[in-house]
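Work through these exercises with the sequence and the coordinates open. Each task is followed by a solution in steps.

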Amino acid sequence: MTHSFLLEIGLEEMPAHVVTPAMEQLKQRVINFLDANNLKHGTVEPFATPRRLAVLVHELANQQPDQDLEVKGPAKKIAVDEQNHWTKAAEGFARGQGVSVQDIFFQPVKGTDYVYIKKHIAGQQAADILPGIKDVITAMTFPTRMRWNKYKLEYIRPIHWVVALLDHEVINFQLLNIHTSNQTWGHRFLGSQITLAQATDYQQALADDFVIADPQERQHLIEEQLQSLAQQHHWQIEIDPELLEEVTNLVEYPTAFAGHFDPKYLQIPEEVLITSMKDNQRYFYVREQDDKLAPYFIGVRNGNQQHLDQVIAGNEKVLVARLEDAAFFFQEDQKHDINYYVHQLENVTFHDKIGSMTEKMARTKTIALLLAQKFNLTAEEQQNLQRAADIYKFDLVTDMVGEFAELQGVMGEKYALKFGETPAVAQAIREHYLPTSAEGALPQSTVGQVLALANKLDSIMSFFAVDLIPNGSNDPYSLRRQATGIVRILEKKHWHLDFNQLQPQIIAAWQQTGAQKQLDYHKHVSEVNEFLTERVRQLLLQSQVAHDLIATVTTTTIIDPVAMLQHAQVLQAHQADSQFKEDIEALTRVLRITAKAALPITQVAVNPKLFETASEQQLYQEVQQLAADFAQRDNDQQLQGLLALQPTITKYFDDNMINAADDQIRYNRLRQLQQLAQMIQVFGDLTQLIVK
């Protein structure tokens, strides 16, 4: 015999972004509760709307299974005294297990007899266990929490009702001042209180009262309504998945509607219109068949078709007010030139411990011009980069960005073009923010890529310089995302940078230009290097690269993210080679010996005249041949060249005692191995690699 169990938590409206993760959390916590209490069950079906979180457990067992146990007690020598009488320890054990000492028997464990009893435990009824699910409710965690009335419980929103229904019977418990019941509520405006006859009536009973409890069903209905409006008006609708989920979690009974705005507002950049509709009002924007933005929008109301014309009129009024503001800001911003806005940045603080936005731009420009030389940008690209670096934050003080912060960079590009800047400069202004998420789109232009690198690197170095270093989950300035962006841009362009060398060069350039101010950029150079290296580790983990391989390529004194990524790829590609184990072991033997070596400063070169065996000469010649064009080879060719030395290295160690009695011969051999080790170490610390 199995049952259906319904648990519903009725709440005040939750923020949309909390609904889905809270629903999944409740489902998992209920499953964990049932499993911990050994209550077998079938599927656990989750439901959620802005006002409720619920699960319906199917095929829930009537009770726990019975258990026949053999319970171990104290050793026989403790349970029985010298007169062969039961001791208090034995009597206490039996009493604690609910049996008498006559039920005791002995069994050996590793040569020692112990007291045992056989115990039958009848499984508890599900109805007796389920009141404990109250702890599941109170254990829920949320990104933000609140307290209400006199209660100490912190929750996402105040709780108004709790349904706990096993088939048709209420599971009784009290949460705060709320007693569980079989009564839920329908739609806030269209519905009323609902008495559930049994748990399985839940979904249909709510649907009859204008609540679609299943988020997937609500989302599917919204999609159907959007497509219906698109077909009816011959529109194209780009359905943003994040917006669709958000709208789904804002309503209990969705009804899509189309609104209209005056075509005159289409003169405003479409990014502004889309931001007003999508980000501010949660509307879906539409395009004509020729891909031009249409003067229409689609909203989703929490209700039915009644009085929909009034709803449309109200939404149009709200949107027009926003568009009027945008049109005003757009015109006002064009009354000044870029120099005016750049000058205003002197009064904008980047961070109170670091300085103004003007000072940040000066530092960024220094880095950008340094990178331009390293990456061999053309004269035209360098000219555009310099101009972009001089002005790239100017849109922060425009009225449009002041009202629509999401448009920083976007409006910079629009205004730069209107003010006569080259397309390359304008594009770089927009692209310097990219990527805006860990996996977001990257800058496409070379100028934009270099400016983005410089801007992000300045932010990381500057925040580290004032000890505002991310720790744990704390990263208020999104430095991890910016570091990931640096690595991804470098990888996209195959640009090699050794940050061990680059950081001192940047600091020296700042000192020459006076952009360093009073900040101590030297004290956290190693921490910045490790911070960037950790981003490489995370990218490799996401690519399913083994931990030992990641440790290998990131344990290096050359902090070159692209080299680390490439070396991991090459090593991974050769791990299945038949000779890989033997080859790597030969190379790691070289590394281990040279790691312990202490060569005198005077020993700077290998002297072939000191060779005593043919294998010394052979290794010397092969290493010299490999070293001659090693830097010009690609990573795969470098590794294959090193692996090919395995027979020669093995013969070398067979024929030669490295720690020879003669100091000159010993140092000569160590120096010979050290030259080889320097090439091996290009791939990191191969001793970290686990080979099978």
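**Exercise 1. In the predicted model, determine how β2 pairs with β3, and over how many bridges.**

Step 1. Locate the partner: strand β3 covers residues 52–61.
Step 2. Get the sense and the count. β2 and β3 run antiparallel, joined over six bridges.
Step 3. Look at the link. The two strands make a hairpin, and two residues lie between them.
Step 4. Check the register. Phe47 faces Ala54 of β3. Ala48 sits opposite Leu53 of β3.

**Exercise 2. Place β2 in its sheet, and explain why one side of β2 is left without a neighbour there.**

Step 1. Recall the principle: strands of a sheet pair through backbone hydrogen bonds, parallel or antiparallel.
Step 2. Write down the strand order. Five strands give β2-β3-β1-β7-β8, an open sheet with antiparallel pairing.
Step 3. Read off the edges. β2 (44–49) and β8 (169–170) stand there, and each has a single partner strand, so one side of each lacks a neighbour in the sheet.

**Exercise 3. Is β2 largely enclosed by the rest of the structure or left open? Then find the helix that lies across β1, β2 and β3.**

Step 1. Count burial, with under 20% relative accessible area as the cut-off. Five of the six residues of β2 are buried, so the strand is largely enclosed by the rest of the structure.
Step 2. Find the helix. α1 (residues 16–36) lies across β1 (2–11), β2 and β3.
Step 3. Take its direction: α1 runs at about 30 degrees to β3.

**Exercise 4. Describe the packing of α26 on α27.**

Step 1. Choose the descriptors: two packed helices are described by the angle between their axes and the distance between the axes.
Step 2. Apply them. α26 (residues 646–655) and α27 (residues 663–680) pack at about 160 degrees, with axes 13 Å apart.
Step 3. Classify the angle. Over 145 degrees counts as roughly antiparallel, and α26 and α27 are therefore roughly antiparallel to each other.
Step 4. Add the handedness: α26 passes α27 in a left-handed crossing.
Step 5. List the contacts. From α26 come Ile649, Tyr652 and Phe653; from α27 come Arg669, Gln672, Leu673 and Leu676.
Step 6. Sort these residues: five are nonpolar, one is polar and one is charged.

**Exercise 5. Which residues of α9 are buried, and what do they pack against?**

Step 1. In α9 (residues 270–280), the buried residues are Val272, Leu273, Ile274, Thr275, Ser276 and Met277.
Step 2. Their packing partners include β15 (284–287), β16 (293–302) and α10 (308–333). α14 (399–403) and α15 (410–418) also pack against them.
Step 3. Inspect the backbone just after α9: Arg282 takes a positive phi of about 60 degrees.

Terms used
Residues numbered from 1 in each chain as written. Predicted model: local features only at pLDDT ≥ 70, side-chain atom pairs only at ≥ 80, totals over all residues. Heavy atoms only, no water. Pairing = 2+ DSSP bridges. Helix = DSSP H or I, 4+ residues; strand = E, 2+ residues; numbered from the N terminus. Contact = heavy atoms within 4.5 Å. Axes fitted to C-alpha atoms, helices over the stretch in contact; angles between N-to-C directions. Parallel < 35°, antiparallel > 145°, perpendicular 65-115°, else oblique. Left-handed = near helix turned anticlockwise from the far one by under 90°. Nonpolar A, V, L, I, M, F, W, Y, C, P; charged D, E, K, R; others polar. Buried < 20%, exposed > 50% of the residue type's maximum accessible area, 1.4 Å probe, protein only.
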